[in-house]
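Me: I want to learn how the terms for a protein model are decided. Let us take them one at a time.

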Amino acid sequence: MESNNIYQNISRPKPSLNRIPGKKVWMGVLLLLILISATILYINSDSPVMLMVNGEPAAVVAGKDQVNSTVDRIKGELEKQYSITLNNMSTKIEYDKDFVGDNRKPVDDQQLYMLIKDRLDWQVDSWAISIKGESKLFLSSKEDAQKALDEIKKYYLPKGENVEMTVEETGFAEDVAVEQAKCNFKEIKTSDAALVAMVRGLDTIVTHTVKNGDSLWTIAHANDMTVAGLREINPQLKSDFLKPGQTLNLVKSEPLLTIVSTVTTKVEEKIAFKTVYESDTSLWRGQQTVKQPGVAGAREVTYRLTKKNDQEVARETLSETIIKEPVTQIVRNGAKVMVASRGDGGSGILSWPIRGRLTSMYGKRGREFHTGLDIDGVTGDPVYAAEAGVVLDAAWAGNLGRCITIDHGKGLSTRYAHLSAFNVSIGQTVKRGDLIGKVGNTGRSTGSHLHFEVRVNGNHRNPLGYLD
Ligand SMILES: [Zn+2]
């Protein structure tokens, strides 16, 4: 940097002055020397220089004084901001008098401040939280470091107003120490920021090798990242197309510490009620009534929990007190069946055309009379013949939609309504249990179900009295 110094070039003696000079010449030499000195003085005092920060040109400045006062200003502000004393500036500050450039006008103080503010670094004494022998987090005082460690011990404990809890023990699974260390002032964290860093972990970049079927989205999703975040750390990606074997950078962060805690906690818990079923011959088969509704009970339990961070790794019941016994629910299932009034020696009992929840019973329904039994089903479910017979009808029947009627002989017939499809045709002979059609939602119907009717000599009967 000093080799091309203007000052040296100008002060180098001129060989032409070596011959024996006359008086006039002496006067000339004197005048020349005065001029040269003046020029040197001028250059030394006011000539702008290039400020070099860590070897890089940073700004044309008026001189060292301007830089020193600006550095002092920045230092003062940082000391206030971080409540620290900055001693050793680790940034290299140099001056280049021989810089080449058109703009030789020095920057003003504010411009200089803006230009170098973020480029100055200081090493400071700090207290490090060291995990497994490695300084991970730097804080300005031992108290701050200790506070962060005390806080993280409590971080994963059960919280809430109704939680009655005694902490038996908390500790770290890793070796943890607080020790003096030097760090860059920018690495200093407050105890709150150190707590967050310990819980969240510090981001590290890991390499992922693209497998068959990977896409930016699946990789991002599997690693708690966004596609935009993935692109940001992989500027080499030119398109969305990934080739198996290609490598990508991923950001991983894992908690820095594992907190192992043992707590005893007393909680109130519900006790579920049991349900028992009784048979009731006063109800038709398929009908159900709740004789006694169940009521949940309550108990107070004391547990000893062992946790690793937020994961429960062990649970031991220390004591249990019943506060309220649960009440058993009693459900009565209908058991009454009616033999079909046919004199043909058949079984007399119809089989269920589909199995499902009964959504509407036979009988009075508001102002209308519901002439069949509605059984819940999904469109497309198979519907089976309730008994052997001949298909009397398989056609559209107004409100009943697609409807099949089967004649079982001796005056007994059954109807299957709101079907989505027919699997039989008129005149066909069917056996009991044959597939005849599919559940649907055709005609006047508010959802897919089977409307099933039983008729004896043309009169509607309650199907529940005939089903097995
Ligand atoms: Zn119906």
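Me: Why are α5 and α6 called oblique to each other?

Reply: Helix α5 (residues 142-155) and helix α6 (residues 191-200) pack at an angle of about 45°. Angles under 35 degrees count as roughly parallel, over 145 as roughly antiparallel, 65 to 115 as roughly perpendicular and the rest as oblique. The angle fits none of the named ranges, so α5 and α6 are oblique. Their axes are 9 Å apart. Axes are lines fitted to C-alpha atoms, for helices over the stretch in contact, and angles run from 0 to 180 degrees between N-to-C directions. Helices (H or I, at least four residues) and strands (E, at least two) are DSSP runs, numbered from the N terminus.

This is a predicted model: local features need pLDDT of at least 70, side-chain atom pairs count only at pLDDT 80 or more, and totals for chains, interfaces and linings use all residues. Residues are numbered from 1 along each chain as its sequence is written.

Me: Which residues of α5 and α6 make the contact?

Reply: From α5 come D144, K147, A148, E151, I152 and Y155. From α6 come S191, A194, L195, M198 and V199. Two residues are in contact if their C-beta atoms, placed from the backbone, lie within 7 Å.

Me: What makes D224 exposed?

Reply: D224 has 11 other C-beta atoms within 10 Å. A residue is buried if 20 or more other C-beta atoms lie within 10 Å of its own, exposed if 12 or fewer, and partly exposed in between. The count for D224 meets the exposed cut-off, so D224 is exposed. D224 sits in the loop between α7 (216-222) and α8 (227-232). Its phi is positive, about 55°, although D224 is not a glycine.

Me: What makes N457 exposed?

Reply: N457 has 10 other C-beta atoms within 10 Å, so N457 is exposed. Its loop runs between β29 (449-456) and β30 (459-461). N457 also has a positive phi, near 50°, and is not glycine.

Me: What makes a set of residues a nonpolar core?

Reply: Such a core is a set of buried Ala, Val, Leu, Ile, Met, Phe, Trp, Tyr and Cys residues joined through C-beta atoms within 7 Å. The largest here has 25 residues. Among those that touch the most other members are V383, C403 and Y416. Elements giving two or more residues to this core include β24 (402-409) and β25 (412-419). A second, separate core has 22 residues, including A128 and F185.
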